[in-house]
Amino acid sequence: MSEAPMEAAPPSTEARASQDWSGLRPAQSVLVHEPLGEAYAAIVDAITEDSSVIWVVCERYYHRRAFDCREGVIVAPS
């Protein structure tokens with residue numbers, strides 16, 4: 001069964017400045033919005049103690065990505 005891609009809204013100026021991922025935990029389901037890509041469902045794999053870097057695994061393709069809180073990527077609970 002094919003899934004339709006999710007529409008991604010461009011990150012706001014605040015999102016590009018810095019994200020606060022302190023409320024996210026490993027194994028949590030999230031929605032990832034990259035600045036120039038479509039949004040996708042993922043699972044938090046790991047997060048640094050200061051919440052400045054997060055690793056997620058895409059639920060569809062199972063690739064693992066790391067993001068810095070200043071990259072403009074929005075990672076939000078799904």
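These exercises work through the fold, strand pairing and core of a predicted model.

**Exercise 1. Describe the overall make-up of the protein chain.**

Step 1. Count the elements. The secondary structure comes to one helix and five strands.

Step 2. Put them in order. Along the sequence, the pattern is α-β-β-β-β-β.

Step 3. Check burial. Of the 78 residues in the protein chain, 33% are buried.

Step 4. Look at the surface. The chain exposes about 5000 Å². Carbon and sulfur atoms supply 54% of that area.

Step 5. Look at contacts across the sequence. Take contacts with a separation of 6 or more: residues 24 or more positions apart account for 48% of them.

**Exercise 2. Work out how S1, S2 and S3 are paired.**

Step 1. Start with S1 and S2. These strands run antiparallel, joined by four bridges. Ser 29 stands opposite Ile 43 in S2.

Step 2. Find the connection. S1 leads to S2 through a hairpin of six residues.

Step 3. Move on to S2 and S3. They also run antiparallel, with five bridges between them. Here Ala 46 stands opposite Trp 55 in S3.

Step 4. Inspect the turn. The hairpin of S2 and S3 has five residues between the strands.

**Exercise 3. Locate the largest nonpolar core and its contributors.**

Step 1. Identify the members. This core holds 15 residues. Those touching the most other members are Trp 21, Val 30, Val 32, Ile 54, Val 56, Phe 67 and Val 75.

Step 2. Assign them to elements. Strands S1 (29–33), S2 (40–47) and S3 (53–58) each give two or more residues to this core. S2 provides the largest share, four residues.

Step 3. Recall the general rule. In soluble globular proteins, nonpolar side chains tend to be buried together.

Step 4. Zoom in on Val 32. Set aside neighbours within four places in sequence. Val 32 is then in contact with Glu 38, Ala 39, Tyr 40, Ala 42, Val 56, Phe 67, Val 73, Ile 74 and Val 75.

**Exercise 4. Decide whether Ser 51 is buried or exposed, and describe its surroundings.**

Step 1. Place the residue. Ser 51 lies in the loop between S2 and S3.

Step 2. Apply the cut-off. The relative accessible area of Ser 51 is 11%. Buried means under 20%. Ser 51 is therefore buried.

Step 3. List its contacts. Not counting residues up to four places away in sequence, Ser 51 touches Trp 21, Ser 22 and Cys 69.

Step 4. Check the backbone. Ser 51 takes a positive phi near 65 degrees.

Notes: Residues numbered from 1 in each chain as written. Predicted model: local features only at pLDDT ≥ 70, side-chain atom pairs only at ≥ 80, totals over all residues. Heavy atoms only, no water. Core = buried A, V, L, I, M, F, W, Y, C linked by side-chain atoms within 4.5 Å. Buried < 20%, exposed > 50% of the residue type's maximum accessible area, 1.4 Å probe, protein only. Contact = heavy atoms within 4.5 Å. Pairing = 2+ DSSP bridges. Areas by Shrake-Rupley, 256 points an atom, 1.4 Å probe, with all protein chains shown as cover.
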